[in-house]
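Biologist: Please take one part of this model and look at it closely, residue by residue, and then place it in the rest of the chain. I would like to follow the reasoning wherever a residue is called buried or exposed.

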Amino acid sequence: MRRIEQTNELLKDKLAHLVSSEIPLDNGLITISYVKCSPDFRYAKIVISVLPINVAVTVLEKLRKNSSLFAAIIRKETRLRKVPKFNWTIDSTEEKATEIEEVLKIIREERISKEEK
């Protein structure tokens with residue numbers, strides 16, 4: 001189990017560096033939220049957050065297109081015997097948090113208006 005955690009962290013660090021250097025995003029930010037390797041190290045789920053969210057699809061396409069390049073660089077720079085196949089996905093936590101905040105704001109406003117009546 002410890003080996004998987006170490007590999008997850010190693011891939012997260014290496015990919016964060018590669019993404020920032022290979023996929024520049026003007027007036028935006030790409031963050032690797034987490035990496036989760038399968039127990040057999042064949043696959044790695046890489047969850048990213050992208051700001052602004054409206055460029056997320058474009059960023060995801062670029063990342064998927066550059067996966068083999070990233071894997072080759074990581075293979076060369078690390079002692080990993082086999083680099084897992086990357087499965088890129090968007091982290092929707094920020095978007096969901098914003099939606100929850102909006103709902104809570106509406107509830108607060110309704111409660112205040114009822115109290116004033």
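Modeller: F41 sits in the loop between β1 and β2, and what follows about F41 and its surroundings is read from a predicted model. F41 counts as buried because its relative accessible area is 13%, and the cut-off for buried is under 20%. Its backbone deserves a careful look, since F41 has a positive phi of about 60° although it is not a glycine.

F41 is one of the residues that line the largest pocket, which holds about 310 Å³ of space. The lining also includes R3, Q6, T7 and L10, together with D40, and it is completed by T78, R79, L80, R81, K82 and P84. Sorted by character, the lining residues divide into 4 nonpolar, 3 polar and 5 charged.

From F41 one can turn to another member of this lining, T78, which is placed in the loop between α3 (67-77) and β3 (85-90). T78 is classed as buried because its relative accessibility is 13%, where buried means under 20%. The side chain of T78 has two polar partners in the backbone: the oxygen of I74 lies at 2.7 Å, and the nitrogen of L80 lies 3.3 Å from a polar atom of that side chain. If residues up to four places away in sequence are set aside, T78 touches L10 and K14. L10 thus appears both among the residues that T78 touches and in the lining of the pocket.

A side chain in helix α1 also makes a contact with the backbone, and it belongs to N8. Here a polar atom of the N8 side chain lies 2.8 Å from the backbone nitrogen of C37. Not counting residues up to four places away in sequence, N8 touches V35, K36 and C37. With a relative accessible area of 11%, N8 is buried, because that value is under 20%.

The elements named so far also contribute to the interior. In soluble globular proteins, nonpolar side chains tend to be buried together. In this model the largest nonpolar core has 27 residues, and those with the most contacts inside it are L11, L15, I48, F70, F86 and W88. At least two residues of this core come from each of α1 (2-22), β1 (29-37), β2 (43-51), α2 (56-65), α3 and β3, and α1 gives the most, with 5 residues. F70 shows how such contacts are spread along the sequence: leaving aside its neighbours within four places, F70 is in contact with L15, L18, V19, E22, I23, L63, F86 and W88.

Strand β1, which supplies residues to that core, also holds Y34. Y34 is partly exposed because its relative accessible area of 38% falls between the limits of 20% and 50%. Apart from its neighbours within four places in sequence, Y34 is in contact with K12, K45, I46 and V47. Y34 and D91 are 57 residues apart in sequence, while their C-alpha atoms are 9.2 Å apart in space. Helix α3 contains L69, whose relative accessibility of 35% counts as partly exposed; L69 and E22 are 47 residues apart in sequence and 9.9 Å apart in space, C-alpha to C-alpha.

Helix α4 (residues 93-116) contains K105, which is partly exposed at a relative accessible area of 42%. K105 and S21 are separated by 84 residues in sequence and by 39 Å in space, C-alpha to C-alpha.

Two other loops have backbone features that can be set beside the phi of F41. N27, in the loop between α1 and β1, has a phi near 55°, a positive value in a residue other than glycine. N27 is exposed because its relative accessible area of 77% is over 50%, whereas F41 is buried at 13%. P52 lies in the loop between β2 and α2, and a cis peptide bond joins L51 and P52, with omega at about -5°.

Note on methods: Residues numbered from 1 in each chain as written. Predicted model: local features only at pLDDT ≥ 70, side-chain atom pairs only at ≥ 80, totals over all residues. Heavy atoms only, no water. Helix = DSSP H or I, 4+ residues; strand = E, 2+ residues; numbered from the N terminus. Buried < 20%, exposed > 50% of the residue type's maximum accessible area, 1.4 Å probe, protein only. Polar contact = N/O pair within 3.5 Å; in protein donor to acceptor, adjacent residues only side chain to side chain. Contact = heavy atoms within 4.5 Å. Core = buried A, V, L, I, M, F, W, Y, C linked by side-chain atoms within 4.5 Å. 1 Å grid on protein atoms, 1.4 Å probe; cavity = no way out; pocket = protein on both sides within 12 Å on 5 of 7 lines; lining within 4 Å. Points joined across faces, edges and corners; volume = space filled by probe spheres on them. Nonpolar A, V, L, I, M, F, W, Y, C, P; charged D, E, K, R; others polar.
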